[in-house]
Amino acid sequence: MESGQGTVTCGSWIRRPENLNLAVLGRSSKKKNSASPSVLEIFSFDTETTSLSTSPQVTYVFEETEGELVTIAVHPSGDDLVCSSTKGGCKLFELQCQETNLKLLAKDLPPLQDVGPQACMAFSVDGSKFATGGVDGRLRILEWPSLRIILDEPKAHKSVRDMDFSLDSEFLASTSTDGSARIWKAEDGSPVVSLTRNSDEKIELCRFSKDGTKPFLFCAVQKGDKAVTAVYDISTWNKIGYKRLLRKPASIMSISLDGKYLALGSKDGDVCVAEVKKMEVSHLSKRLHLGTCITSLEFCPSQRVVLTTSDEWGAVVTKLNVPADWKEWQIYLLLVVLFLASAVAFYIFFQKSDSFWNVPPGRDQPGKQFEILDPQYSEDAFGPVDM
């Protein structure tokens, strides 16, 4: 991938219905005092080489007055992108794909213009809701794409740190820089509960389970001088335990689309990926962004690959050292092989069996003779039965 002009501040994958693999990156000016505008770039992803294209497929240049890009949220359909900047509020982009040509069409977001920098943004899994969490602590939930305001809570948190929607899009979890965490009903924006924590605990990051079988909420918690991953049961919102996965303070958390893997990025550049079923580390990349806080971490929609970004090292694509998943064609092939093996085994058994209908006669043994019943008897050798 071409280094480009400016520092990578955020990044995300784009899932497209055409099975294209795209990544979007936000860049700011290299020098803090520079007046160079921020840019939004979209790269293609090569699954064979596990790398992004050397140059962007499409680029959008922001106005200098809009400031630096803070975060990006991509709609599950891959058609819409929302960017937040330090001075220009939120801007909507419509991604148009015409064969191999990509176009970005900028649109206004009236409810989110001039709202200030948003620390985090998220679309619901079904794409019907969009939430933003401001640096000023204001939490908003909007209906998508109508942009009807469901919730606008100016004092939701001291300053929003992280957020995530549940798999069924029913709940929104949000965390604060002061260590608190709250649960909201996504349908009407009503508060559900504040997660319980000890006096020495700070809940920093949150992700709901996405495998459809385990109704859990994972939270990165700073417990004194120890960094742990706490697990909450969303049926009761009670904490049921915790595991030490990354073993150092986390700056970012992510979960794969199928919910099988949970990833954590550290403040000094490490990345660990844990298998949710066992809650054990399956992949560890030390010093991936040496000495730099990881600002973005996201699983590829179709590959066991993660995209990470940092101010110092830019965007890095990493192939995970985890067991390969079964492809659909491999499952069908296995079923066909099992069926053919069963058919062959049945045929061999039938040919070799000493059954009434298939008795292999000996060398001097005549074939089996059938006894001819007396014609006066009916087919029922026992005759009628008196019930």
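## Strands side by side

Let's start with two neighbours: strand 18 and strand 19 are joined by seven bridges and pair in the antiparallel sense. At one place along this pairing, Leu205 stands opposite Ala220 of strand 19. Keep in mind as you look that this is a predicted model.

These two strands belong to an open sheet of four strands, ordered 18-19-20-21, with antiparallel pairing. Which strands form its edges? They are strand 18 (201-208) and strand 21 (238-243), each of which pairs on one side only. From one strand to the next, the twist averages 30 degrees. As a general point, strands of a sheet pair through backbone hydrogen bonds, and the pairing can be parallel or antiparallel. It also helps to know that side chains in a regular strand alternate between the two faces of the sheet.

## A closed space inside

Rolling a probe the size of a water molecule over the atoms shows where empty space is left. How many cavities of 30 Å³ or more does the count give here? The count comes to one. The largest cavity holds about 80 Å³ of space.

Fifteen is a good number to look for on screen, as 15 residues line the largest cavity. Those nearest its centre are Ala220, Ala227, Val228, Lys248 and Ala250. Two elements give two or more residues to this lining: strand 19 (216-223) and strand 20 (226-233). You have already met Ala220, the residue in strand 19 that stands opposite Leu205. What classes of residue make up the lining of the largest cavity? There are eight nonpolar, two polar and five charged residues.

## A hairpin and its turn

Now move to strand 12 and strand 13, which run antiparallel and are joined by four bridges. Within this pairing, Arg140 has Asp152 in strand 13 as its bridge partner.

Strand 12 and strand 13 form a hairpin, with five residues between them. In the turn, Leu147 has a positive phi of about 65 degrees.

## Aromatic rings in pairs

The structure holds nine aromatic pairs. One of them is formed by Trp13 and Phe45, which meet edge-to-face at 5.1 Å centre to centre, with 80 degrees between the planes. Why does this pair tie together parts that are 32 residues apart in sequence? Trp13 lies in strand 1 and Phe45 in strand 3 (residues 39-46), so the pair bridges that separation. Are Trp13 and Phe45 buried or exposed? Both are buried.

Phe123 and Trp144 form another edge-to-face pair, with 5.0 Å centre to centre and 90 degrees between the planes. This pair links distant parts of the chain, 21 residues apart: Phe123 is in strand 10 (residues 118-123), while Trp144 is in the loop between strand 12 (139-143) and strand 13 (149-153). Both Phe123 and Trp144 are buried. Elsewhere, ring pairs link Tyr60, Phe62 and Phe93 into a cluster.

## A loop residue with a distant partner

Finally, find Asn19, in the loop between strand 1 (7-15) and strand 2 (21-28). Is Asn19 buried or exposed? Asn19 has a relative accessible area of 67%, and exposed means over 50%, so Asn19 is exposed.

How far apart are Asn19 and Pro301, in sequence and in space? In sequence they are 282 residues apart, yet in space they are 9.5 Å apart, C-alpha to C-alpha.

Definitions and conventions: Residues are numbered from 1 along each chain as its sequence is written. This is a predicted model: local features need pLDDT of at least 70, side-chain atom pairs count only at pLDDT 80 or more; totals for chains, interfaces and linings use all residues. Side-chain values use heavy atoms; hydrogens and water are left out. On a 1 Å grid over the protein atoms alone, a cavity is a set of points where a 1.4 Å probe fits but cannot get out, and a pocket is an open set with protein on both sides within 12 Å along at least five of seven lines; lining residues have an atom within 4 Å of a point. Grid points are joined across faces, edges and corners, and a volume is the space filled by probe spheres set on the points. Ala, Val, Leu, Ile, Met, Phe, Trp, Tyr, Cys and Pro count as nonpolar, Asp, Glu, Lys and Arg as charged, and the others, Gly among them, as polar. Buried means under 20% relative accessible area, exposed over 50%, partly exposed in between (1.4 Å probe, protein chains only). Rings of Phe, Tyr and Trp (its six-membered ring) pair if their centres lie within 6.5 Å; planes under 30 degrees apart count as stacked, over 60 as edge-to-face and the rest as tilted. Two strands pair if DSSP finds at least two bridges between them. Axes are lines fitted to C-alpha atoms, for helices over the stretch in contact, and angles run from 0 to 180 degrees between N-to-C directions.
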